[in-house]
Amino acid sequence: MSGTTIHWTALAVFAFFFALVTVLGFVASRWQRGAAAPAQHLDEWGLGGRRFGGWITWFLVGGDFYTAYTVIAVPALVYAVGAYGFFALPYTIVVYPIVFAIMPRLWQAARDAGHVTAADVVYGHYGSRTLELAVALTGVIATMPYIALQLVGMQVVIQALGLQGELPLALAFVILALYTYSAGLRAPALIAFVKDLMIYIVVLAAVVLVPAKLGGYAAVFQAADSAFAAKGGSTGLLLQPAQMLPYATLALGSALAAFMYPHTLTGIFAAKSANTIRKNAVFLPAYTLLLGLIALLGYMAYAAHLSIKTPNDVVPALFATLFPEWFSGFAFAAIAIGALVPAAVMSIGAANLFTRNFWKAYVNPEVTPEGQAKVAKLASLVVKLGALVFILFVPTQFALYLQLLGGVWIMQTFPAVVCGLYFKGLRAPALFTGWALGMLTGTALAFGDGIKPVHSFVLGGHSFAVYTGLFALLLNFVAVLAVQAALSMKHHTVPHAQA
């Protein structure tokens, strides 16, 4: 398949499945709704009525967490650097014990008080509008480039079909905006069933058939090893000693940040019980197995001797070269639909934050649940439009930079969101100080390193590279403890002074 002509067979298959999920998106407005459910309430539109059971939550969170950009970017990173690109595997293993331990408690706090967002929970614990605003603002800013990158994944496969210009991409997101406006969270939840089944079929076919066509896995790894040896530098099938610490800290930091994002928390808050979340934490690692198989596509590209312009073209080029057009169209549809699910949930999560923690908090405190739903629907449209404009008029590399910074930023909300679930005596000023220090430090280090995810520290003549976000989080916790101690001392000394 050539990228300069339209591939009609692939396009027809792509269009069929895209039309199928569009119909499902509009049908979803009546799906999983209770008989007495207030259809126009924010709980219904933004959280699906909090009635999603085990299977629905598994597909929704999996579809939201493992995005189209993941399918494109992970093999691209493995293709570019080798073993270091596999950091996503330990990250998506470590994250689930964290989910199992923390998220049921967070879900319970939100359910008991009727909270819709993490910032709601923070305000409920500490009564601080300032801290609430900090958490909400961080969530919205960190989410926007994430949505834009889903467009990158979709853009890559649309171009692989031979379609040029921005109109197909704009049309796809107009359709997404319309059915999300109509059905809310139910739309991506229902579409996630189709998307995930398609992705499983595509990946399992690829990891069996592609090596068979290329001479087996031994030939795949040998080709990749030879390519990395010729390339030199920090590439290779195995981690170099200097890569081990940044690899480990990047995996741990990413795991701590993953379920602080508004879109992943939206999937958590939509679950019908704490036990549903625990079961999902047990079974969601099945997606990690899938991710490992997806990552291997980066090595297969070397054995296939692909000629590509950028690493992001690896997956589309691999399918276009080694599979018939109809299956390439199916694979491209799976990836494009894989962009719709997370983009929808991300826009809903950001809209929920705007509605609850900006509009309700500062503009109209007396807004009704129906009014909140209307504001959230409009906000979700603005968020999608912003992401579309961003990707059309801003260089893709800038979106990548912002997404890297977003991971550093969202991690700084961890103490405010999580610590209050376990420690009741924490003060809002301490948590806000920690958040501010973490944000400033993480941003300064990232910019100083040219927007790189790791920073090198020199201690005793030795250089240690660690994930910037994790280091900023450590300073965040230190600041929280220091200010908390100072406030406690002040509280204890004031009565003595008065006496």
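This is a short tour of the enclosed cavities in a predicted model.

**Start with the whole chain.** Turn on a cavity display. The structure holds five cavities of 30 Å³ or more. The tour visits the largest and then the second largest.

**Stop one: the largest cavity.** Select Thr117, Ala118, Pro262, Leu265 and Leu353. Of the 16 lining residues, these five are the closest to the cavity centre. The space inside comes to about 120 Å³.

Now colour three helices: H7 (129-160), H12 (262-269) and H17 (325-363). Each gives two or more residues to this lining. Linger on H12. Four lining residues come from H12, the largest share.

Next, colour the lining by residue class. Ten residues are nonpolar and six are polar. Which class is missing from the lining of the largest cavity? No charged residue is found there.

**Stop two: the second largest cavity.** Move to a volume of about 80 Å³. Select Tyr66, Thr67, Ala68 and Val71 to begin with; these are among the lining residues. Add Lys195, Asp196 and Ile199, which also line the cavity. Finish with Tyr287, Leu290, Leu291 and Ile294 to complete the lining.

Show the helices around this selection. H4 (68-81), H9 (186-214) and H14 (285-295) each supply at least two lining residues. Which helix gives the largest share here? H14 does, with four residues.

Colour by class again. This lining divides into eight nonpolar residues, one polar and two charged. Keep both selections on screen to set the two linings side by side: the largest cavity has no charged residues, while the second largest has two.

Technical notes
Residues numbered from 1 in each chain as written. Predicted model: local features only at pLDDT ≥ 70, side-chain atom pairs only at ≥ 80, totals over all residues. Heavy atoms only, no water. 1 Å grid on protein atoms, 1.4 Å probe; cavity = no way out; pocket = protein on both sides within 12 Å on 5 of 7 lines; lining within 4 Å. Points joined across faces, edges and corners; volume = space filled by probe spheres on them. Nonpolar A, V, L, I, M, F, W, Y, C, P; charged D, E, K, R; others polar.
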